[in-house]
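Open the model in your viewer and keep the sequence panel beside it. We will walk through it one selection at a time.

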Amino acid sequence: MRILSYGMAADMTDEYVRIGESTALDSVRHFVRAVVEVFGDEYLRHLNEADTARLLAMGAKKGFSGMLGSIDCMHWAWKNCPYDKHGQYKGHVDKPTIILEAVASDDLWIWHAFFGMPGSHNDINVLHRSPLFDNLAEGRAPEVNFSVNGHDYNMGYYLSDDIYPPWATLIQSISRPVGNKRQYFAKAQEAARKMVERAFGVLQSRFAIVRGGARFWDIDTLAVIMRACVIMHNMIVEDEGFVVDHNEEFENQGDNVEIGRGRRTRTLDEYIQAHQQIRNKDTHMRLKEDLIEHLWNHHPDLYSYNI
């Protein structure tokens, strides 16, 4: 726990537990694997109906009906990256890094964690390889049907920054907003999107091992460490007051929001069609325009704004 929480070197543990460096490293490996094996299914679970209802209720309070959280990527520096892999793992920073893609909600719970892509990739490359929308495309995710500004939608969405593509399931800000409505939407989206960046900050403050340079040599061990830290982070969030009651009902999920169970396993044609719907640019543009109107007309006082 000292290695994970304080980021201390393994050879420093012999001062108080009297074990060697190699034994300390083996202990860390056994510990994080046990955390993932025992608690992974519960604290890094896929969204169920109750989870979806809770996230939609949080999104509705911020004025974003149908929102399921915020998505972004974090780079973890790899101090002991083998020299022959430096070109693969160096990106916009002048040192090797490994990328964590995560989705977080306003209570800092991390619902999705995809780790292991080399730091030379950007957020778009990571998204195309991520399993984030696999359950949605395969029909296993809970159905989300909601209405905004008189238009009906059947998929939830995530708030993201401007690098992400204009998909129906991703809503970005407006880089150069013109007019009061668009300026207000841009401010609201950027304020609400900070939830995932706050989650990254809290994760790094609780587990200094993912804040400093990673000292392990193999990527598999680093992946298990990151996954275990995310699991323990969610355990702390739950311990501090976020308790899941699967029988709890939420009345304020947004305008005409309905939650349903995932459908049967889809055929190949249905799977391809679902992916096309997820990436539909026209749906994205219409949803963004509807959200602009919805925020301006129904939530004018959530975010302070000076005309």
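The tour goes from the whole chain to a helix, a strand, a loop residue, the cysteines and two pockets.

**Before you start.** This is a predicted model, where local features need pLDDT of at least 70 and side-chain atom pairs count only at pLDDT 80 or more, while totals for chains, interfaces and linings use all residues. Residues are numbered from 1 along each chain as its sequence is written, and side-chain values use heavy atoms, with hydrogens and water left out.

**Whole chain.** Colour by secondary structure and you will find 10 helices and 8 strands; helices (H or I, at least four residues) and strands (E, at least two) are DSSP runs, numbered from the N terminus. Of the 307 residues, 49% count as buried, that is, under 20% relative accessible area, with exposed meaning over 50% and partly exposed in between (1.4 Å probe, protein chains only). Among contacts (heavy atoms within 4.5 Å) with a separation of 6 or more, 74% join residues 24 or more positions apart.

**Helix α8.** Select residues 219-239 next. The expected span of a helix is 1.5 Å times one less than its number of residues, so the 21 residues of α8 should span 30 Å, and the end C-alpha atoms are indeed 30 Å apart. Show side chains for its buried residues, including T221, L222, I225, M226, C229, H233 and V237. The buried residues of α8 pack against α1 (2-6), α2 (21-43), β1 (67-77), β2 (97-104), β3 (110-118) and α7 (180-206). Just past the helix, stop at G241, which has a positive phi, near 135°.

**Strand β1.** Move to M74, which sits in β1. M74 counts as buried because its relative accessibility is 6%. Beyond its neighbours within four places in sequence, M74 is in contact with I98, I99, L100, F200, Q204 and M226. Try a distance label from M74 to F200: the two are 126 residues apart in sequence, yet 7.3 Å apart in space, C-alpha to C-alpha.

**A lysine in a loop.** Now pick K62, between α3 (49-61) and β1. Is K62 buried or exposed? It counts as buried, at 19% relative accessibility. Leaving out residues up to four places away in sequence, K62 touches M67, D106, A192, M195, L295, L302 and Y303.

**Cysteines.** Select C81 and C229. C81 is buried at 6% relative accessibility, and C229 is buried at 0%. With a disulfide taken as a pair of cysteine sulfur atoms within 2.5 Å, the count comes to 0 disulfides.

**Pockets.** On a 1 Å grid over the protein atoms alone, a pocket is an open set of points where a 1.4 Å probe fits, with protein on both sides within 12 Å along at least five of seven lines; lining residues have an atom within 4 Å of a point. Volume is the space filled by probe spheres set on the points.

The largest pocket has a volume of about 890 Å³. Of its 39 lining residues, centre your view on the closest to the pocket centre: L132, F133, N135, L136 and A141. β3, α6 (134-138), β4 (143-148) and α9 (268-278) each give two or more residues to this lining, and α9 gives the most, with 5 residues.

For the last stop, the second largest pocket has a volume of about 280 Å³. Its lining has 19 residues, with A9, A10, L25, R215 and F216 nearest the centre. Here α2 gives the most, with 3 residues.
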